[in-house]
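Q: I would like to learn how to read salt bridges and pockets in a model of this kind. Could we begin with how exposed a side chain is?

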Amino acid sequence: MTSPYRSGEDHILLAVRLTPNGGRDAFDGVDVNGDGHTHLKARVTAVPEKGKANKALIALLSKAIKVPKTAITVVSGETSRQKILRIGGDPEDLKFKIDTLASA
């Protein structure tokens with residue numbers, strides 16, 4: 001299985017499939033969608049209105065990989081379940097943290 005991220009010079013782009021109103025805030029491993037693209041599965045208790053679910057996702061990811069919330073932005077999929085997040089920082093360190101998170 002391929003990884004759910006791509007490296008940049010000072011960031012990574014992380015593919016996420018978000019389930020809002022999911023009963024708990026958690027990550028559910030890595031999965032492949034019908035198009036063959038790999039993504040990290042996440043669920044949050046927040047509802048999908050006015051960006052609440054996106055904010056909850058950013059807060060959850062920020063806490064899990066220990067980066068500031070301001071380092072994470074939604075670059076595509078603002079209103080979709082499939083999202084691409086840009087996470088600023090050292091790509092090697094971020095990849096290690098995401099791999100650890102995905103395998104937990």
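A: A residue counts as buried under 20% relative accessible area, as exposed over 50%, and as partly exposed in between. In this predicted model, Arg-86 has a relative accessible area of 27% and is therefore partly exposed, and Asp-10, with 45%, is partly exposed as well.

Q: Which residue forms a salt bridge with Arg-86, and how many residues apart are the two?

A: A salt bridge is counted where a side-chain nitrogen of Lys or Arg lies within 4 Å of a carboxyl oxygen of Asp or Glu. Arg-86 pairs with Asp-10, their closest N and O atoms being 3.3 Å apart, and the pair links distant parts of the chain, since Arg-86 belongs to strand E6 while Asp-10 sits in the loop between E1 and E2, 76 residues apart.

Q: How many salt bridges does the count come to?

A: The count comes to six, among them the bridge between Lys-52 and Glu-49, with 3.7 Å from N to O. Salt bridges that share partners also join Arg-24, Asp-28 and Arg-43 into one network.

Q: How is empty space found, and which residues lie nearest the centre of the largest pocket?

A: Rolling a probe the size of a water molecule over the atoms shows where empty space is left. The largest pocket here has a volume of about 250 Å³ and is lined by 14 residues, with Arg-6, Ala-15, His-37, Thr-38 and Ile-84 nearest its centre. Strand E6 gives the most to this lining, with three residues, and the lining divides into five nonpolar, seven polar and two charged residues.

Notes: Residues numbered from 1 in each chain as written. Predicted model: local features only at pLDDT ≥ 70, side-chain atom pairs only at ≥ 80, totals over all residues. Heavy atoms only, no water. 1 Å grid on protein atoms, 1.4 Å probe; cavity = no way out; pocket = protein on both sides within 12 Å on 5 of 7 lines; lining within 4 Å. Points joined across faces, edges and corners; volume = space filled by probe spheres on them. Helix = DSSP H or I, 4+ residues; strand = E, 2+ residues; numbered from the N terminus. Nonpolar A, V, L, I, M, F, W, Y, C, P; charged D, E, K, R; others polar. Buried < 20%, exposed > 50% of the residue type's maximum accessible area, 1.4 Å probe, protein only.
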